[in-house]
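Trainee: Could you take me through a close look at a single part of this model, the pairing of its strands, and then set that part beside whatever else deserves care?

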Amino acid sequence: MDALERRALTRGLVTFVVVALIGSTIVWLGGRSDAGPTAPASSTPSSSGSLAAVPTPEAWLTWVPGGLPAGFGDLVSTVPDVTATTTATADIAWMTASLDENGDGVDQPEPPFMIPMDVTGVDPTFAAFLPEPERQLVQNLRPGQGILSESEANLRGLTTGSTLLFRGGQKVDVVGTLPDALMGAYELLVPRESGQKLGVTTERYVLFHVKPNASVTADDLIPALRDLLPVATPFPAVEVRAPGDTTYLRANDRVIPPLLLKETFGEFKAHPDTANPGHIVIDERWVQDHIQSATLPVVGSVTCNAETLPLLKRAIHAIVADGTSSSITDVGPCFDPVSTRDDPSGPLTPADWGVSIQLDPSSNPPGGQPTMPKAIAQQMYKVGFGWAGNDAFPQGALFRYRTVSAARD
């Protein structure tokens, strides 16, 4: 085992122990591992596998890959057995600076670089889905104010009274923090109208309650919700989670949130690539510190996050030993700095950190029936990569970082 492998394994052990201590779990496909390439199921319960400090609110969640179609959120309340609903937006907002409660600078990226932040915009009805006393904090939220998740506040070194500055001269005053689980692991929660000024405009997810005596499951609700989708929906699939099914009530809940990617692999500064729409330019210093190229058996030369290269190496060696490596005929990108609002994995994904990879993409196009051998998915899962072939909108070639395993070589 070389130094890089030891570093990754040590970090994996630490992550595993921390997660175990707080009782986090990874829930897949109704209690089954997502390692097997079974048929796609819209009701797949999941977890971000992260550090939830409090239980998930007793709410149901539904979302559509790439964002909700216009009017979808309003129509959810027409589904039988559904009662109260609230629809939230979420997008990446570009922070230009932050000030602590004394007005002293904390984050001060050099232009044109900014810090991408995963922000959700909510209506006042969102508060009804939170417990007391946290509900009051959201109910009292005013335009221009925001709430940081606890992990984000720790990451930034900020607290109540601090100020965030965003592209276009927008300002958000921090009036409090909430446990990550109550904010869906978004970094910042703001009123919807404030989110619009930050560029957070895409309706992403709906929280709802069902009638007290209703005996329904996620599978029961999916057909009725899917019927609400317009014919031209780009990614025609609906995900539904019942209370307790997922650690974080957020869109793309099977993808590790940007907040946790930042905690695990480091935060980067970036800016939208004006010459290449849909891509971002990441600070070269971060790239030099975190991204490396290596030549691995079967897949050839890959450029990924240095933390994950030893894990990929271990998985590929196991795949070769299983005799299934011949199924991998081509390989997609690992480090791929993109950010698009309608990406079915979300507007900022593990690819931006170089911690996802596509295996045999020519035979596993997005949305098609996956052909990935079960043995390959299982080996990737063992080293910490979840398979996107089980998403409601399947991406059979895509493996995304979830957690580093503590398994020995």
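**Strand pairing and its surroundings**

Mentor: In this predicted model, a good place to begin is Leu99, which stands opposite Thr163 in β5. That pair belongs to the ladder between strand β2, residues 82-99, and strand β5, residues 163-166, where four bridges join the two strands and the direction is antiparallel. On β5 there is also a pairing with strand β6, residues 170-178, again in the antiparallel sense and over four bridges. Within that second ladder, Leu164 has Val172 in β6 as its bridge partner. The hairpin made by β5 and β6 has three residues between the strands, and in it Gly168 adopts a positive phi near 85°. As background to these ladders, strands of a sheet pair through backbone hydrogen bonds, in either a parallel or an antiparallel arrangement.

Further along the chain, an open sheet is formed by three strands in the order β14-β16-β15, with antiparallel pairing. Because β14 (356-358) and β15 (385-387) stand at the edges with a single partner strand each, one side of each is left without a neighbour in the sheet. Direction ignored, neighbouring strands of this sheet are turned against each other by 25° on average. The link between β15 and strand β16, residues 398-401, consists of three bridges and runs antiparallel, and in it Gly386 is found opposite Arg400 of β16.

A helix pair can be set beside these strands. Helix α9, residues 309-322, and helix α10, residues 374-382, have axes that come within 9 Å and cross at roughly 150°; since angles over 145 degrees count as roughly antiparallel, α9 and α10 are therefore roughly antiparallel to each other. Their crossing is right-handed. On the α9 side the contact involves Leu312, Ala315, Ala318, Ile319 and Asp322, which meet Ala375, Ile376, Gln379 and Met380 in α10. By class, this contact between α9 and α10 has seven nonpolar residues, one polar and one charged.

Finally, a word on confidence. The chain averages a pLDDT of 88, and 85% of the residues score at least 70. Over residues 1-53, however, the pLDDT is below 50, although this stretch has 141 contacts in the model beyond near neighbours in sequence. Residues 405-409 likewise stay under 50 in pLDDT, and for them the model has 13 contacts beyond four places in sequence. Where pLDDT is low, the predicted coordinates should not be read in detail.

Definitions and conventions. Residues are numbered from 1 along each chain as its sequence is written. This is a predicted model: local features need pLDDT of at least 70, side-chain atom pairs count only at pLDDT 80 or more; totals for chains, interfaces and linings use all residues. Side-chain values use heavy atoms; hydrogens and water are left out. pLDDT is the predictor's confidence in each residue, from 0 to 100. Contact means heavy atoms within 4.5 Å. Axes are lines fitted to C-alpha atoms, for helices over the stretch in contact, and angles run from 0 to 180 degrees between N-to-C directions. Angles under 35 degrees count as roughly parallel, over 145 as roughly antiparallel, 65 to 115 as roughly perpendicular and the rest as oblique. A crossing is left-handed if the near helix is turned anticlockwise from the far one by less than a right angle, and right-handed if clockwise. Ala, Val, Leu, Ile, Met, Phe, Trp, Tyr, Cys and Pro count as nonpolar, Asp, Glu, Lys and Arg as charged, and the others, Gly among them, as polar. Two strands pair if DSSP finds at least two bridges between them.
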